[in-house]
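I opened my notebook to look up one strand and its neighbours, and then how the chains are related.

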Protein chains: 2
Amino acid sequence: MRQAGRYLPEYRDLRGDRDILETIRIPDEAVEITLQPLRRMPLDAAILFSDIVVPLVAIGIAFRIEAGLGPVLDEPFRSRADIARLRALEPEADEPYTLEAVRALAGELHVPLVGFAGAPFTLASYLVEGGPSRDHARTKALMFADPPTWDALMGALVDVIVPHLRAQVGAGASALQVFDPWVGALAPAPYRSGVLPYMRRLFDEIADLPVQVIHFGVGTSELLELMRDAGGDAIGIDHRIPLDRAWERLGPSIAIQGNLDPAVLLAPWDVVEREAIDVLERAGGRPGHVFNLGHGVLPDTPVESLQRLVDLVHARTEHDG
Amino acid sequence: MRQAGRYLPEYRDLRGDRDILETIRIPDEAVEITLQPLRRMPLDAAILFSDIVVPLVAIGIAFRIEAGLGPVLDEPFRSRADIARLRALEPEADEPYTLEAVRALAGELHVPLVGFAGAPFTLASYLVEGGPSRDHARTKALMFADPPTWDALMGALVDVIVPHLRAQVGAGASALQVFDPWVGALAPAPYRSGVLPYMRRLFDEIADLPVQVIHFGVGTSELLELMRDAGGDAIGIDHRIPLDRAWERLGPSIAIQGNLDPAVLLAPWDVVEREAIDVLERAGGRPGHVFNLGHGVLPDTPVESLQRLVDLVHARTEHDG
């Protein structure tokens with residue numbers, strides 16, 4: 001369950017007035033926030049407390065956090081010349097705080113630590129739109145209008161993302177997630193020409209790492225097969241596509257992570273139980289099912305419902321927790 | 001092409017500082033704004049200049065427009081008691097300006113006038129979230145948690161929407177669109193139990209009208225068959241699903257409206273041409289294809305590209321324009 005923390009009062013207490021990017025740069029705090037959900041419930045993995053713009057900030061792209069909105073870039077990428085603002089990430093020099101947090105966590109945790117990175121399309125959208133976007137129109141227009149600039153942008157982003165992922169594994173992360181929440185804005189044809197080649201390169205360049213990689217997107221019903229072909233050991237799906245239907249489409253040889261609607265957790269427990277059991281039944285007990293929400297935990301989610309959900313999933317999957 | 005106007009300088013000039021809800025209540029202005037796109041290009045239909053919250057405002061729900069955001073309701077619906085804030089719409093008394101604009105347009109236009117209404121789920125989301133929402137979490141939580149309140153809310157909304165649609169046809173509209181842009185937030189199972197029955201009732205209650213009805217949603221890949229079963233003569237799809245694939249899923253007996261990505265129109269003409277031809281080829285010349293964008297025209301769209309697109313579609317479909 002990603003974005004671990006924001007639904008916990010102890011997280012809000014610890015972070016106080018500091019914004020998320022400042023907090024991530026303090027390894028002790030990133031470690032503590034990563035551990036907080038595990039103190040509350042017997043989760044099967046820990047997710048590093050970080051943010052997808054961290055490696056971009058680490059190479060000097062001046063994202064700032066705007067309250068209630070998210071990461072904002074006051075001078076968005078608009079032309080070919082902007083690509084020069086990107087360079088390959090050198091993790092030890094550029095983001096020592098990330099590696100310090102991962103090393104501390106790897107020494108302390110008794111469950112796998114999942115590292116992660118934003119995928120190139122999603123990061124490109126943050127750079128081009130200058131922040132979160134509903135339609136990603138400028139990003140898509142750049143992709144459609146200027147393939148050479150798009151190629152340079154996506155290639156440069158792979159050169160940021162790959163070292164970021166490799167360094168997390170080098171420091172002790174035991175699984176990875178490549179997180180592409182905005183890619184569902186694309187139809188299959190532009191995904192195939194404008195995203196798939198860069199995703200393939202990304203997965204190729206981490207293929208030698210001894211870890212499983214989850215490839216996650218939102219609203220990707222029409223993209224699932226292409227995402228599978230791009231790479232990853234598991235495909236992460238949101239709640240919009242029934243899990244059994246996704247598995248029919250993807251075939252039995254790949255794992256699937258998902259896919260309880262996070263909004264269900266705002267309802268009473270009997271509803272959560274019914275909907276979680278529905279997800280588990282659609283998974284049909286396949287060993288390749290990684291139970292998760294279809295997207296991040298919503299801020300108003302009752303912690304008790306999450307705790308009961310973890311217990312329910314463990315009980316139903318005869319997992320030793 | 002919906003939201004006709006906001007990409008035209010003459011629209012921005014006419015509206016000036018008035019917000020969209022104020023402007024809609026001035027029939028002469030609504031008529032003029034409806035006609036503006038037709039003065040620029042030989043469109044096959046006119047879309048009434050209105051907004052989906054109009055019938056709610058007309059019965060006293062105090063939406064206001066927040067710049068850059070959209071309709072906002074300061075006291076959102078949160079409990080069963082809030083349902084009493086809704087009542088059946090009486091168009092002649094509650095929204096005479098809508099009917100006056102439709103009558104004037106019907107007398108003047110030489111192409112069909114398309115009236116429209118928001119669908120119950122989308123309107124419920126505006127009421128429950130208090131404005132536009134990315135995840136519609138409170139709305140879905142209400143649907144999951146409290147079916148009797150959800151039933152009362154959705155039923156009351158149908159009692160607003162049906163008179164709004166019927167009155168537009170009575171005043172001269174010659175086609176209708178039922179607009180459900182947010183329903184793609186749902187998986188098929190909750191759509192089936194929480195939306196489909198109300199959509200069926202809505203379509204049943206306008207079935208005697210002598211007009212074609214378009215049933216439109218965004219991000220509805222997994223919902224298409226259920227939307228078809230709910231009703232409508234044509235299903236409107238966004239760009240995310242290839243048109244030929246949507247038709248395979250829906251079968252040949254229903255018309256489809258769509259589905260050029262509006263972001264394509266921000267690219268140079270050769271890209272627009274290529275992508276529009278792709279849509280037309282996927283439609284395969286079927287008479288049931290209503291060419292349109294997959295969503296509204298983006299504000300920065302060059303008018304010349306729209307004009308050339310209209311000509312291209314007419315030339316390619318041997319339409320008399």
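My entries on this model follow.

**Ground rules.** I am working with a predicted model, in which local features need pLDDT of at least 70, side-chain atom pairs count only at pLDDT 80 or more, and totals for chains, interfaces and linings use all residues. Residues are numbered from 1 along each chain as its sequence is written, and chains are lettered from A and ligands numbered from 1 in the order in which they are written.

**Strand 8 of chain B.** I took helices (H or I, at least four residues) and strands (E, at least two) as DSSP runs, numbered from the N terminus. Strand 8 spans residues 255-260 of chain B, and five of its six residues are buried. Buried means that 20 or more other C-beta atoms, placed from the backbone, lie within 10 Å of the residue's own.

**Its partners.** I counted strands as paired if DSSP finds at least two bridges between them. Strand 7 (residues 234-236) of chain B runs parallel to strand 8 of chain B, with three bridges. There, Ile235(B) has Ile256(B) as bridge partner. Strand 9 (residues 289-293) of chain B is also parallel to strand 8 of chain B, over five bridges. Gly258(B) is bridged to Phe291(B).

**The two chains.** How does chain A lie on chain B? I superposed the copies by least squares on the C-alpha atoms of residues with pLDDT of at least 70 in both. A turn of 180 degrees and a shift of 0.0 Å along the axis lay chain A on chain B with an RMSD of 0.0 Å. That is the relation of a two-fold axis. In chain A, the C-alpha of Ser221(A) is nearest the axis, at 3.3 Å.

Note on methods. Buried ≥ 20, exposed ≤ 12 C-beta atoms within 10 Å, placed from the backbone.
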